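Trainee: Could you take me through one part of this protein up close? I'd like to follow a single charged side chain and its surroundings.

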Amino acid sequence: IAVTNVDMERAAFMVAKTNGTINPILLGAKVAMISELKKRLEKGETVEFDFIKKSTGELRHAIGCLYGNLIAPKIKGTGVHNSIYGNLTFFDLTKNQFRCCSYETIVKVY
């Protein structure tokens, strides 16, 4: 798995957020998982993954995609894209709505 500068910035953010207590092996696995998720979504795949909802701590399961003929009519383009805040915005195919989560809260990619 190729790691980009953005991935390295995300790793540094996770180290800072945990006050340097994150296990380096866990950090590497997390960065690789996030990189794989981004790559699959950008290729147009529908991806199944789990993440933690920050406000409640609830584990959420999602089946999502980024773009395509299914969601093109739902894109309004009226706001600021969440990626500038380090978030993943995806279309949840089970909820039939756009969802957003922080990359750091992703727990598992299937």
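Mentor: Happy to; what follows is a walk around arginine 40 and its salt-bridge partners. Please keep in mind that the model is predicted.

Let's start with the residue itself. Arginine 40 sits in helix α2, which spans residues 24-42. Its relative accessible area is 18%, so it counts as buried, the cut-off being under 20%. Leaving aside residues up to four places away in sequence, arginine 40 touches Glu45, Thr46, Val47, Val109 and Tyr110. Two of these contacts deserve a closer look. For Tyr110, the backbone oxygen lies 2.8 Å from a polar atom of the arginine 40 side chain. With Glu45, arginine 40 forms a salt bridge, and the closest N and O atoms are 3.0 Å apart.

Now move over to glutamate 45. At a relative accessible area of 26%, glutamate 45 is partly exposed. Its side chain also meets that of lysine 43 in a salt bridge, at 3.5 Å from N to O. Lysine 43 is exposed, with a relative accessible area of 60%.

For context, the model has four salt bridges in total. Another one of them joins the side chains of glutamate 58 and arginine 60, again with an N to O distance of 3.5 Å. Glutamate 58 is partly exposed at 37% relative accessibility, and arginine 60 is partly exposed at 26%. Back at our starting point, shared salt-bridge partners link Arg40, Lys43 and Glu45 into one network.

Key: Residues are numbered from 1 along each chain as its sequence is written. This is a predicted model: local features need pLDDT of at least 70, side-chain atom pairs count only at pLDDT 80 or more; totals for chains, interfaces and linings use all residues. Side-chain values use heavy atoms; hydrogens and water are left out. Helices (H or I, at least four residues) and strands (E, at least two) are DSSP runs, numbered from the N terminus. Buried means under 20% relative accessible area, exposed over 50%, partly exposed in between (1.4 Å probe, protein chains only). A polar contact is a pair of N or O atoms within 3.5 Å; within protein, one must be able to donate a hydrogen and the other to accept it, and residues adjacent in sequence count only if both atoms are side-chain atoms. Contact means heavy atoms within 4.5 Å.
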